[in-house]
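Me: Here's a structure I'd like to get a feel for. Please pick a loop with something unusual in its backbone, look at it closely, and then show me what else is in the model.

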Amino acid sequence: MNPYIANTKIEVDEMLQCIGVKTIDDLFLDIKPNQRPKSFNIPPGESEQEVVAYINRLANKNRSDLILFIGGGYYDHYIPAAVGSLISRGEFYTAYTPYQPECSQGTLQALYEFQSAICTLTEMEVANASLYDGGTALYEAVMMAIRITGRRRIIMDGGVSPIYRTILKSYTSNLDIEFQETPVVHGQSDRQQITKLLNENTAAVILQNPNFFGAIDDHTDIIEQAHKFGILVIESVYPISLGLLKTPGEMGADIVTGEGQSLGLPLNFGGPYLGFMTTRKKFIRKMPGRIVGQTVDIHGRRSFVNTLQAREQHIRREKATSNICTNVSLCAIQACIYMSLLGKQGLKRLAQLNLDKAEYAKQVLSHVKGVEIKRSSPTFNEFTAYLSKDANAVVEAMINRGFAAGFPLGRYYKGMEQYMIVAVTEKRTKEEIDRFAESLEEVLKEM
Amino acid sequence: MELIFEKSIPGRRGFQIPVCDVNVQGDIPPRYKRTHDNELPEVSEVDVVRHFTRLSQMNFSVDTNFYPLGSCTMKYNPKFTEVLAKNPQFADLHPLLPQLRNGEKLTQGALQVLYEVEQILCEIAGMDQFTMQPLAGAHGELTGVMMMAAYHRDKGNKKKYIIVPDAAHGTNPATAAIAGYATIAIPPDENGLLDITKLKEKLNDEVAGVMMTNPDTLGIFNSHIDEIAGLVHRVDGLMYYDGANLNAILGRCRPGDIGFDIMHINTHKTFTTPHGGGGPGAGPVGVKKKLVKFLPISRVEKRSDGTFYLNYDYPDSIGYVASLYGNFALILRAYAYILLLGKEGLLETSNHAVLNANYVMHRLKNHYLLHYDRTCMHECVFSATQQAERGVHAIDIAKFLIDRGMHPPTVYFPLTVKEAIMIEPTETESKQTLDQFIELLIEADQLSKTQPDIFKDLPKTTPVARPDEVKAATDLNTNFFVNTAKLTRPQKNSSASITHHV
């Protein structure tokens, strides 16, 4: 018997007797012989020790030793030990969705605090308790904008992550939604193009800050123009950058989404991550996902509950604002713990440190022969480098020297085969950056 | 309890940012900078640790309490999978590495996990291929229905409707609607199962597919599934299997063998990845051959030399449904669990899940109304209508259980059963725990006869008593920093007084 089954033969027999059947097989008579498995070739079970050894052997086949200068929306930030320690408490991670508030106040209050923290980061009024990841959060924002405006045309800035843009197209292929993409000019949003496309049939403009190339922008002017046509503006943001950068709230954005991985979540080869969404309070009833609200119990004590549930699938079914049920509560709590540890000053300093190191890397790299750093627009902790050789080949060669040097842009942008984006977080030391530049120079020379 | 923001003392810090080791002070023009500081709390590390430890103690969880939530499969979550998933060789692996040229070499271990788990899930479910990309059960449903749409587009079928049983999980109709289909609801027949006569009436060439589970939401295995699948396939509709109830039939029946074309698995149910207080989950989707070309990209494939790579070259694919390759750390946990169980362990799982549910059903059926008195699978559904006549509703019984330290079953779901109490004990619970639970429910029934008034004040032993859910929805406060009250349109139809579980 596997170790997760408690009952012994004695108890099983007692239970069968109580039920009034002879064997467990008698309980499966509703499954007719022709409905039984045509095959079930599963290997025999193994002990925990054996499985651990096997999985760890697989783990050894991964190159997690590389020094990461690769970002592309997923960043190698340091995670304070207290985050992992707290989130590993069984009372958090083995709890269910907090539908019974009296025995779920821990999860509920932590999610309320998460919502508040994300709101202060983005300077927006309301947040939900999380969505799956940054890309799917952006899709939910588009659907929300369509619900609010009743329009079906979307303008999408080319600086929005190409991964996100691919997701949006997948999701909307069976829906009658028109996407207009605008190019990036000198690293920033093409204001002329966007303005030209604004009209009364447009539901939303999607922007990203910093954009996929790492460039930062102030979208206030675009947002003002869009609002003249009743268009909503969706901003996808990188939360760590908001320790320094102008917030989407201050710019006037209507819906803000983002990937929260940088807020204390490991890279985990792609997930679980943390999609978040904030908006203005007037749109709260159109927002997808769970929302935690503060109230009082029958004795007047502060309490928290899932609120506005009439938007959700378990009540509204086919008229729900989204089909989302399970979100990523634990990741939201993890991010909340991380933000609490960093605090007001910590987040600011961390953002500044990222900026400082990235600026240093830019300086050093700009002295490398065969590397040109585009300086047309300011950046945060990621920037575009132009290489004298094919970026794919350069990045591949850099692996042998122990570096994940960046993400080549040619994969998603035609004509940009000699560009890569380079990310520099607080984890990169001066020594690593210097060695990175030296190695890059050598690699370019040898090619 | 105080909020973390209320514990804030200016100048206090919970984490030391390293001193800058480069002699550059980055600066950006003021117009790109935020004007107002963020208002994150200023607290020490010990403040944070005590705050969140205390919060965690305000939860029920599988580690601390019996959790017989119907349709949620709250089985025990083994600890070794947690340790495996935290191995830095997985946890620190950047997801874009395999997208570099020859980058798959850098992530062979992770790709092998994704490849092998797909093989084993295919064999467990009787499907031809799986994608690990969907990030939760409902996300898997959406992926499945998008593939359904792609299939019909590809064949030139003009389809408008998806049929969903009344008893289905709310995500089914919501998914269908979001994917662009109208839904047709079918009520249950006198046995609580999908009404085949009604199904025949509704079936026509415009039906894209049927979404259902088996065993269905009442915990009953539908033996007529072959007939249903035959009818649906006759109009070139597709059968979608909601994997919520897969735990009941592991090794006993495979969705792919009984007519289903597409399915999702909730790893956080059947394969015991922790629920996390509402996610993260993972919702792998399996399909039969005729749908393989529509699976999301990337696909993890194996070369003849035994190495693994990501294949994006599927022109008919529905594209990306998630940013990367799915919730990898959860897929990894599920795989380790399956390897440990093996063939026998999977059978033991369904055997004991079904045994435990039938035991609870038999011991309680003289105390609570059982609409369908027959063998159940992994869960059983009672109705508290008798107790409700005495003024004690399903929600009151739920609160009674909370007061006594047990998580209540799912209540008011499925919607087709009045005062529903849906119990899924799972295979990991002992007879002793089940007996305690049964005794409590019998006691609740007795009290409903003798002291029905005591229920309204329950629970008393929890950090808070029943919250005012109407106030929560009308005086909205969802953000400490903004008073979100006084919205212009207070909800008329607040459902908040009823607690739904799914």
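Reply: A quick definition before we zoom in: helices and strands here are DSSP runs, with at least four residues for a helix and at least two for a strand, numbered from the N terminus. Keep in mind that this is a predicted model.

With that in hand, go to A:His186, which lies in the loop between strand S5 (184-185) and strand S6 (188-189) of chain A. What's odd there is the backbone: A:His186 has a positive phi, near 50°, though this residue is not a glycine. Most residues other than glycine have a negative phi, and most peptide bonds are trans. As for its surroundings, A:His186 has 11 C-beta neighbours inside 10 Å, and therefore counts as exposed; the cut-off for that label is 12 or fewer.

Chain B has a spot worth putting beside it. B:Asn102 has a positive phi too, near 60°, and again this is a residue other than glycine. Look for B:Asn102 in the loop that links helix H3 (88-91) to helix H4 (108-125) of chain B. B:Asn102 counts as exposed because 12 C-beta neighbours lie inside 10 Å.

Now for the peptide bonds. The one from A:Asn209 to A:Pro210 is cis, with omega near -10°, and A:Pro210 is placed in the loop between strand S7 (202-209) and helix H9 (220-228) of chain A. In chain B, the bond from B:Asn214 to B:Pro215 is cis, with omega near 0°. B:Pro215 belongs to the loop running between strand S4 (207-212) and helix H8 (225-234) of chain B.

One more loop, this time a hairpin turn. S11(A) and S12(A) form a hairpin with 5 residues between them, and A:Gly300 in that turn has a positive phi of about 85°. The two strands run antiparallel, and 6 bridges join S11 (residues 291-296) to S12. To see the register, find A:Val292, which stands opposite A:Asn306 in S12(A). Strand S12 (residues 302-307) has 5 of its 6 residues buried, so the rest of the structure largely encloses it.

Stepping back, chain A has 14 helices and 17 strands. Of its 447 residues, 63% count as buried. Its C-alpha atoms fill a box of roughly 80 × 55 × 50 Å along the principal axes. If you take the contacts in chain A with a separation of 6 or more, 73% of them come from residues 24 or more positions apart.

The domain assignment cuts chain A into domain 1 (9-51), domain 2 (67-77 + 349-446) and domain 3 (81-339). The C-alpha centres of domain 1 and domain 3 of chain A are 44 Å apart. Chain B is split into domain 1 (4-56) and domain 2 (84-339), and 42 Å separate the C-alpha centres of those two.

Another place to look in chain A is an open sheet of 4 strands, ordered S13-S14-S17-S16 with antiparallel pairing. Its edge strands are S13 (371-373) and S16 (407-408), each pairing on one side only. S13(A) pairs with S14 (residues 382-387) over 3 bridges, in the antiparallel sense, and A:Val371 has A:Leu387 in S14(A) as its bridge partner. Helix H12(A) lies across S13, S14 and strand S17 (419-423) of chain A, at about 140° to S13(A).

Then there's the interface: 181 residues of chain A are in contact with 189 residues of chain B. Helix H12 (residues 329-366) gives the most to chain A's side, with 26 residues. Sorted by class, that side has 88 nonpolar, 56 polar and 37 charged residues.

For a residue that touches both chains, try B:Thr375, in the loop between helix H9 (328-364) and strand S10 (380-383) of chain B. Leaving aside residues up to four places away in sequence, B:Thr375 touches A:Leu27, A:Leu29, A:Asp30 and B:Asn358. B:Thr375 counts as buried because it has 21 C-beta neighbours inside 10 Å, where the cut-off is 20 or more.

Conventions: Residues are numbered from 1 along each chain as its sequence is written. Chains are lettered from A and ligands numbered from 1 in the order in which they are written. This is a predicted model: local features need pLDDT of at least 70, side-chain atom pairs count only at pLDDT 80 or more; totals for chains, interfaces and linings use all residues. Two strands pair if DSSP finds at least two bridges between them. Two residues are in contact if their C-beta atoms, placed from the backbone, lie within 7 Å. Domain bounds come from an automatic or database domain assignment. Ala, Val, Leu, Ile, Met, Phe, Trp, Tyr, Cys and Pro count as nonpolar, Asp, Glu, Lys and Arg as charged, and the others, Gly among them, as polar. Axes are lines fitted to C-alpha atoms, for helices over the stretch in contact, and angles run from 0 to 180 degrees between N-to-C directions.
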